[in-house]
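Me: Could you take me through one part of this structure closely, the sheet and what sits against it? I am in my first year, so please explain the terms as you go.

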Amino acid sequence: MRTRSIISVSFVALVYGAQFGSIGRTQASHATLHHTQFVTVDRDVRLEVLDWGGHGQTLVFLAGLGNTAHVFDEFAPRFVDRFRVVGITRRGFGASSRPSVGYGAQRLSEDVVGAIDALHLERPVLVGHSIAGEELSYIAARAGNRIAGLVYLDAAYDRTGAEITALWKEWPHATPEPTAAERASRLAYQEFSRRTRGYRLPGFDLEQYETFGDPPGDVSRAIMTGVLAPDYKKIEPPALALYALPRSAKELFPAYALLDLDVQRRVDTFWPRWEAQVKREQNRFEREVRRGTAVALNGATHYIFLSDAEQTATQMRHFLDGVRTQR
């Protein structure tokens, strides 16, 4: 299992790119975007909670591995017209506490439930990106009565599976590192990311690394070591799983044109296998989650809510309309 976790962390590093601690600063204020508070979920563990405002049923956004709740600063406000929208930064990242333990799927899920209790939220909809799928699946299978629905943003994967582990082990090194000039400012880095990775991280998410630094390396390893096979058949709340489905090597690796020919050949061979894996995960989700719907967003990146914000929001709104009707 430990071997799998190290492989998975390597894959995460490829997806998320370089560390952000040395990116140049800009001056801005969070106050116009959201209210920030902290809630206690465990002994000496406080989690950062962002509240973008709004009224009605609550959406709780959970970030992927390597990000804070600020990664949703440009996407979450789309829903404040009909929902109250909050986000939670998990332990180990950003302004949240950084204890030495507590990074398995069970404890991280208990953190989310603890935050829901502390905020007095009544059956919110959980919206999770990437590794947050672990928390969504765990909570829904064991405390489904506490939530009204689930939205997986390229997050519904069985990270314990042999096939996906083998693919992560073979993932091509096809993402260039930023130059010193591209690290000199947030705008330069964001443009580099857009050009080579297909998405642009919000400035306030990048700022968290400037302010608080990167988490210790063993935090990410502990999270990946603590993943669990999703118990889809026990999930009762309605669930929407959006998948980023590449239709070509260039869609899976936006920097394709910048790669050496031998790397391009490896990528050309690899991408159909990843496409097939995504389809297997999608089919399993629809087959096993009783009220589950899986939708592939063709050509989207792993950060589907950044690269394909309009499509992602449209699919979410359609799903959330159904959840509201059922309530």
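Reply: Happy to! Let's begin with a term: a charge sits over a ring if NZ of Lys or CZ of Arg is within 6 Å of the ring centre and within 35 degrees of the ring normal. Arginine 46 fits this, lying over the face of phenylalanine 38 at 4.5 Å from the ring centre.

A word on the source: this is a predicted model, where local features need pLDDT of at least 70, side-chain atom pairs count only at pLDDT 80 or more, and totals for chains, interfaces and linings use all residues. Residues are numbered from 1 along each chain as its sequence is written, and side-chain values use heavy atoms, with hydrogens and water left out.

Now for the sheet. Helices (H or I, at least four residues) and strands (E, at least two) are DSSP runs, numbered from the N terminus, and two strands pair if DSSP finds at least two bridges between them. Here 8 strands make an open sheet with mixed pairing, in the order β1-β2-β4-β3-β5-β6-β7-β8. At the edges are β1 (35-42) and β8 (292-298), each pairing on one side only. From one strand to the next, the twist averages 20°. β1 and β2 (residues 45-53) run antiparallel, joined by 7 bridges, and phenylalanine 38 stands opposite glutamate 48 in β2.

Helices lie against this sheet. For their angles, axes are lines fitted to C-alpha atoms, for helices over the stretch in contact, and angles run from 0 to 180 degrees between N-to-C directions; contact means heavy atoms within 4.5 Å. Helix α3 (residues 133-143) packs on the sheet, touching β3 (58-62), β5 (125-129) and β6 (149-153), and its direction makes about 155° with that of β6. Helix α10 also packs on the sheet: α10 touches β6, β7 (239-245) and β8, at about 170° to the direction of β7.

Which residue of α10 can we zoom in on? Glutamine 282 lies in this helix, which spans residues 261-288. Is glutamine 282 buried or exposed? Buried means under 20% relative accessible area, exposed over 50%, and partly exposed in between (1.4 Å probe, protein chains only). Glutamine 282 has a relative accessible area of 14%, so this residue is buried. Leaving aside neighbours within four places in sequence, glutamine 282 is in contact with Tyr243, Ala294, Val295 and Ala296.

Back in α3, the kind of arrangement we began with has another example: arginine 142 lies over the face of tyrosine 138, at 3.9 Å from the ring centre.
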